[in-house]
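Welcome, and please load the model in your viewer. We will go from stop to stop, selecting a few residues each time.

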Amino acid sequence: MCGIVGYVGKRDALSVLMKGLEHLEYRGYDSAGVACIDEKAGGLFVLKEEGKLSRLKESLKKHSVVSTVGIGHTRWATHGEPSRVNAHPHTDCKGQIALVHNGIIENYALLKEELKRRGVAFRSKTDTEIAVNLIGDYYRRKRDLVEAFRKAVGRLRGFFAFVILAGNDPDKLLVFKRSNPIVIGLGKGENFVASDVSALLPYTKNVIYLEDDEYALLTRKDVRIYNLGTGKAVKRKPAVIRWNIRQAQKGGYPHFMLKEIHEEPRILEEIITKRIDRRGNVYFDTLGRGADLRLKKIKRVFFVSCGTAYHAGLVGSYLAEQFARLPAGAEVSSEFRYRDPVLHSSDAVILITQSGETADTLAALREAKAKGAFTLAIVNVVGSTIAREANAVIYTHAGPEIGVASTKAYTAQLVTEALFTFYLAGLHQTMKRTQVSELLLALKKVPAACEKILKQSEALDRCSRKYFRHQNFLYLGRGYNFPTALEGALKLKEISYAHAHGYAAGEMKHGPIALVDHKQPVICIAPASKTYEKMISNVEEIKARGGIVIALGTEGDRRLAELADDFFPLPPTHEVFSPILAAIPLQLFAYKIAAFNGRDVDQPRNLAKSVTVE
Ligand code: F6R
């Protein structure tokens, strides 16, 4: 949450910062701001606006600033409401230092009192202003920016990333990271820093990821990294980013979300091709002998994740139990991390995450590692903190996901989990080769089936038009499609703001049936499966009470089509892959309902893409 960007070089700093912020705006859009060294006037130039980046862009037109060093920020508010005064960059009380921040400073209240006693007056309600003033206070005493930065940061508790810039030490940026992501981009005669690589893609593919409790000093010519505690220099080999700038653009679609839904067939095809070798074996380039040895010994599997990734985790737990015959469960990270779970070295904790930076999932990973479990991360963002810290990593290779609502990352997680399950089942010898081959054959047909679903999107258009004014929706599914019901409901509520609730259909008579009336659409996910007849009974029960049913079922299912008010066909597939197919029409349904209601699909209110605070 919150996007940070910094630049020191020869280019026009404000253009670099604004372009970087455009790529980071999905991390928060409550306010935006920039600070840079004004070469004409001398000292710091700071400009910030409440609301989206477009407002800052408008305001910038009124200023002509020449600068080659600066920092920028797009905010998701934690401490203090969204407003100009609470927007970043914050400056110290003397206006000498500017700071952008992502995260939370937990001991800010104590430090604020101390600084007040030292005569500092505060303007905002943010924890950030405490940090910048603490640095400023040390700076006035030490006259050495790096030393002041080190001293002040050493006193801050919590999880955060910073970049600072000083008016009278103008050719450097200082950067710090603890838990919240920071990546440094390396150029020639210029260097960059950002919360994630998407902001760096237009300029460089060579990057260095800062580790926790490290700080970096960036100048035009150099990047130096140090450990905060010891003060010792750290040597780190740069990594090369494989994403390209085209992937991070809308490519003619009105929204990133729609573009990303349309990318799904190609991405799934690429994952399947990459993960199955010529002899028909599943393999993962990032799992070595060490990981295999641990995986062979595991006796239980926990899938731990948040939001959409949690729904993928549920599907993963069903797969692991069915095919690898291991006791498996799925949990949300925020519960897992705090409930003191009993874990052994024979347990595997599988962290599912698009961003690889979600605060609760990261904490769950650390908890699991500390307790000796084997940790495996299924991650989209290469080089992210969770990918780096887990014992082993499998990348989902869905490319950058910019739309705040997760779509392609979800189906990529589902396909990756299925492949991983077959791999795990191979290690545990719980599946016959013929069974694996049959399933892989069925999986290979999934991308084409997804393509077919996208081609039939007019039917969804009609359906969404019919229901877009409704304010309450119920989603029901069983077995592998219970998580689909949860995910369908989450997608709809987060981007359309309609109330939507996902339920296990078997629970319907235990409560939610009371909601059934002639006003509330019930989305029933009922493809061919071993619980199909049970789903049909649910549909009958809803219809018997005058309810509205929108059904997702297997192509040619006349019985369901006749029972339902609206029917959307899914190409036939193996039951275990049906959540992949069913996800796509539900994503499109949510997208269309939100778009018909004029919602800001890519940047829904109050949300941010990467939840890096608890
Ligand atoms: C919903 C959505 C969120 C994320 C959740 C976890 O569309 O995107 O629910 O799935 O915040 O994020 P990651 O996968 O980055 O850990």
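How many of the nine residues of strand S7 (residues 158-166) are buried? Select S7 and you will find that eight of the nine are buried, where buried means under 20% relative accessible area, exposed over 50%, and partly exposed in between (1.4 Å probe, protein chains only). Helices (H or I, at least four residues) and strands (E, at least two) are DSSP runs, numbered from the N terminus.

A note on the model: it is predicted, so local features need pLDDT of at least 70, side-chain atom pairs count only at pLDDT 80 or more, and totals for chains, interfaces and linings use all residues. Residues are numbered from 1 along each chain as its sequence is written, and side-chain values use heavy atoms, leaving out hydrogens and water.

Next, add strand S6 (residues 97-105), which runs antiparallel to S7 and is joined to it by nine bridges; two strands pair if DSSP finds at least two bridges between them. Look for Ile97 opposite Ala166 of S7. Then add strand S8 (residues 169-178), paired with S7 in the antiparallel sense over six bridges. S7 and S8 form a hairpin with two residues between them, and Ile164 has Leu174 in S8 as its bridge partner.

Now for the charges. Select Asp137 and Arg141, which form a salt bridge with closest N and O atoms 2.8 Å apart (a side-chain nitrogen of Lys or Arg within 4 Å of a carboxyl oxygen of Asp or Glu). Asp137 is buried at 5% relative accessibility, while Arg141 is partly exposed at 46%. Add Asp92, Arg118 and Arg140 to see the network of salt bridges that links them with Asp137 and Arg141.
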